[in-house]
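Here's a quick briefing on a protein and DNA model, with the contacts sorted by topic. Have the viewer open while you read.

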Number of protein chains: 2
Amino acid sequence: MERRGEQRTTMTTIKDVAKRAGVSVSTASVALSGRGPVSEATRRRVLEAAKALDYRPNAIARSLVTRRTQTVGLVLSDITDPYFHEITKGVEHVLSAAGYALILADTDRSAAKERRSLEIFEGQRVAGIILAGSGTEDEAAPLDLKGDGIAVVTIGRHHAGLPFVAVDNVKAAGQAVAHLAETGARRIAFVAGPEGLLAAEERREGYLAALKERGLPSCPEWIVRGDFTPQGGHRAVAELLERCGRGACPEPDAILAANDQMAIGVLKGLKERGIPVPEEIAVAGIGGIPTGEFVDPPLTTVALPMKAMGEAAAGMLLEMIEGGRRKARPSVWLETHLLVRASTGAGRA
Amino acid sequence: MERRGEQRTTMTTIKDVAKRAGVSVSTASVALSGRGPVSEATRRRVLEAAKALDYRPNAIARSLVTRRTQTVGLVLSDITDPYFHEITKGVEHVLSAAGYALILADTDRSAAKERRSLEIFEGQRVAGIILAGSGTEDEAAPLDLKGDGIAVVTIGRHHAGLPFVAVDNVKAAGQAVAHLAETGARRIAFVAGPEGLLAAEERREGYLAALKERGLPSCPEWIVRGDFTPQGGHRAVAELLERCGRGACPEPDAILAANDQMAIGVLKGLKERGIPVPEEIAVAGIGGIPTGEFVDPPLTTVALPMKAMGEAAAGMLLEMIEGGRRKARPSVWLETHLLVRASTGAGRA
DNA sequence: ATGAAAGCGCTAACAT
DNA sequence: ATGTTAGCGCTTTCAT
């Protein structure tokens with residue numbers, strides 16, 4: 001055991017290691033990194049000294065001279081939203097396996113916080129940034145990054161001219177509508193996501209397109225705005241049931257929510273009103289979050305490959321970082337798939 | 001607009017700013033940091049130059065000389081576990097508000113990954129580390145940190161001799177048992193957490209103590225081991241119902257799960273068997289995760305102040321970091337509170 | 001194969 | 001009030 005806590009503030013440096021091994025600092029550096037010519041004997045001595053002193057290379061100092069860091073930043077709009085959990089996990093896995101540190105920033109969907117986070121990232125000289133979840137306002141900030149040689153990959157923001165990992169939201173919504181129609185639904189309502197959010201708009205678009213394609217009726221009152229939270233979904237049912245059936249629009253026999261969180265709120269609202277799901281109204285979501293399996297009835301949904309999205313984004317980023325600027329950066333579309341559960345199941349059609 | 005992308009690799013430095021402002025580098029530094037005497041005129045000139053050049057101070061270089069960073073590491077066992085979501089949010093908020101960057105590490109409950117993460121943190125010279133969720137094995141690694149002047153705060157690991165933020169798990173389990181008993185339960189089963197996990201063991205202990213205190217019967221077969229996941233809870237009911245009612249132990253009329261995730265799995269298992277909750281068997285959890293509100297029936301639980309725990313831990317850490325080593329570091333116990341919902345509600349007693 | 005020297009971008013004495 | 005100097009811990013030519 002080494003003595004500790006004697007001179008608390010100063011960690012052991014490469015200088016200490018060199019001294020103990022009886023070599024120069026530069027030789028120690030070369031020996032430690034294994035990236036240069038060293039005699040086997042000194043290499044061993046240096047390594048021993050390092051171990052004995054519990055030497056931990058100072059990444060700060062290294063970065064200053066090499067002008068590269070082993071850190072990447074992840075920006076997301078709300079770490080509390082299940083959509084980001086598997087994504088974050090996937091990102092973290094790939095990154096930590098490659099020896100990179102992951103800096104996390106939660107923007108709370110505020111463009112100001114996003115900008116601030118990006119500034120901190122720049123200050124930290126992160127090697128790359130992953131942007132997950134669209135900020136609701138300006139896209140200018142991300143674009144600024146292109147200037148200073150920081151690699152950027154986005155998840156689900158396949159505009160903005162940046163490399164991306166994404167799913168086809170239009171298609172995903174279409175898959176849900178198709179399934180609903182096949183189980184007998186004729187009057188499909190839609191709980192939309194927050195305005196200005198790309199994924200939300202695309203799903204809405206996909207819903208409308210699918211209705212048209214299948215010749216299903218569409219009605220403005222069947223579309224109600226939500227905010228991607230369960231509470232939002234809960235409010236949405238109330239609004240939906242209140243305004244339908246009176247005017248031109250009859251009550252829907254199915255509800256598609258733009259994400260699972262809202263679908264779960266919808267389920268709750270329906271249950272409170274004693275409306276049986278799926279017998280009277282079928283419900284489906286988009287997302288594939290774990291909770292969907294445990295609500296009642298279990299939620300049919302279009303699952304997004306969230307972990308894979310995180311892994312893919314991190315992988316692309318690492319290639320860009322390590323392959324240098326010339327490296328190709330093919331954006332990628334990942335597949336979604338329908339997950340049929342009871343909320344659209346038995347008892348219908 | 002400034003020109004960009006001309007010399008891609010080099011960001012503007014303080015030297016550029018100084019030159020443009022027509023002052024020395026040190027004057028620029030002083031002016032920028034506002035921590036020294038400068039004439040109003042030069043201060044303005046420097047700031048203008050910085051803005052014009054879109055200057056972003058290099059935190060790396062600054063850290064190297066000041067020997068302090070504005071980064072803290074958060075280690076948790078599984079970012080996918082809802083327990084950590086609000087905690088992470090709380091931590092992130094406090095930290096980013098103070099201008100600190102948050103480095104996240106997910107250990108997957110592997111001691112090896114935890115150790116590796118801590119090494120990366122040390123390499124990054126983080127100013128502090130928050131340890132959330134016990135690693136299942138050795139506590140040696142965290143202790144090593146005390147050597148090199150890195151502030152450490154734990155969440156829910158109030159052993160290990162480190163400052164902590166925690167809840168009284170024994171009491172929390174007791175609250176649940178008390179409530180269950182008050183609603184008429186006499187035979188309370190327990191779905192325990194993973195072996196070796198502090199919180200899990202304490203809740204088990206609290207469960208047993210509460211039974212004894214209230215003179216409620218206890219039976220070894222009423223305790224079944226889970227793993228803190230919904231699937232684990234689901235398996236646990238199966239095991240419980242299979243082995244009870246045959247031997248010495250009658251079927252339970254209530255099930256307390258050591259966390260909400262498992263309680264949700266229990267609910268699902270019960271539903272599949274057509275056992276009405278809470279009429280025949282009441283169910284409660286510990287945690288207070290958002291999902292509990294949306295399962296059927298909504299889950300009664302003992303809520304832990306997760307966001308506050310994250311905020312408190314981050315706050316303590318910042319005090320330790322900025323107040324220097326002398327600063328007092330009072331560990332804190334936060335209160336839990338019972339959240340009564342339908343899974344133990346109407347239809348009972 | 002090894003060492004001396006320079007320098008990454010910044011801050012912090014110390015002069016002026 | 002401003003500039004000069006030194007140096008944080010490391011990597012990297014360049015000599016030897």
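**DNA strand C, DNA strand D and the chain contact**

Of the 24 residues around DNA strand C, the nearest are A:Ser24, A:Arg67, B:Ile14, B:Ser29 and B:Tyr55, where "near" asks for a residue heavy atom within 4 Å of the strand or molecule. Of the strand C atoms that come within 4 Å of the protein, 73% are sugar and phosphate. Heads-up: this is a predicted model, so local features need pLDDT of at least 70 and side-chain atom pairs count only at pLDDT 80 or more, while totals for chains, interfaces and linings use all residues. As for bookkeeping, residues are numbered from 1 along each chain as its sequence is written, chains are lettered from A and ligands numbered from 1 in the order in which they are written, and side-chain values use heavy atoms, leaving out hydrogens and water.

**More on DNA strand C**

- A:Thr27 puts a polar side-chain atom 2.8 Å from a phosphate oxygen of strand C, and A:Thr42 also has a polar side-chain atom 2.8 Å from a phosphate oxygen there.
- From the other chain, a side-chain N or O atom of B:Tyr55 sits 2.6 Å from a phosphate oxygen of strand C.
- α2 and α4 of chain A, plus α2 and α4 of chain B, each supply at least two residues of the surface near strand C; helices here are DSSP runs (H or I, at least four residues), strands are E runs of at least two, and both are numbered from the N terminus.
- α4(B) has the largest share of that surface, with 4 residues.
- By class, the surface near strand C splits into 11 nonpolar, 10 polar and 3 charged residues. Nonpolar covers Ala, Val, Leu, Ile, Met, Phe, Trp, Tyr, Cys and Pro, charged covers Asp, Glu, Lys and Arg, and the others, Gly among them, are polar.

**DNA strand D**

- Of the 24 residues around strand D, A:Ile14, A:Tyr55, B:Ser24, B:Ser26 and B:Thr42 come nearest.
- Sugar or phosphate makes up 71% of the strand D atoms within 4 Å of the protein, and bases make up the rest.
- The backbone gets involved here: an N or O atom of the A:Ile14 backbone is 2.3 Å from a phosphate oxygen, and a polar backbone atom of A:Asn58 is 3.2 Å from a phosphate oxygen.
- Which atom of strand D lies 3.3 Å from a backbone N or O atom of A:Ala61? That one is a base nitrogen.
- α4(A) gives the largest share of the surface near strand D, 4 residues.

**Chain A meets chain B**

- Chain B brings 62 residues to the contact and chain A brings 61, counting heavy atoms within 4.5 Å.
- The two chains bury about 5,400 Å² between them, 56% of it on carbon and sulfur atoms; that's the accessible area (1.4 Å probe) that two parts lose on being put together, summed over both.
- There are 10 salt bridges between chain B and chain A, each a side-chain nitrogen of Lys or Arg within 4 Å of a carboxyl oxygen of Asp or Glu.
- One salt bridge joins A:Lys89 and B:Asp108, with the closest N and O atoms 2.8 Å apart.
- On the side of chain B that touches chain A, the elements giving two or more residues are α4, α5 (83-97), β2 (101-106), α6 (111-123), α10 (230-243) and α11 (260-272).
- α5(B) gives the most to that side, with 7 residues.
- That side of chain B has 19 nonpolar, 21 polar and 22 charged residues.

Terms used. A polar contact is a pair of N or O atoms within 3.5 Å; within protein, one must be able to donate a hydrogen and the other to accept it, and residues adjacent in sequence count only if both atoms are side-chain atoms.
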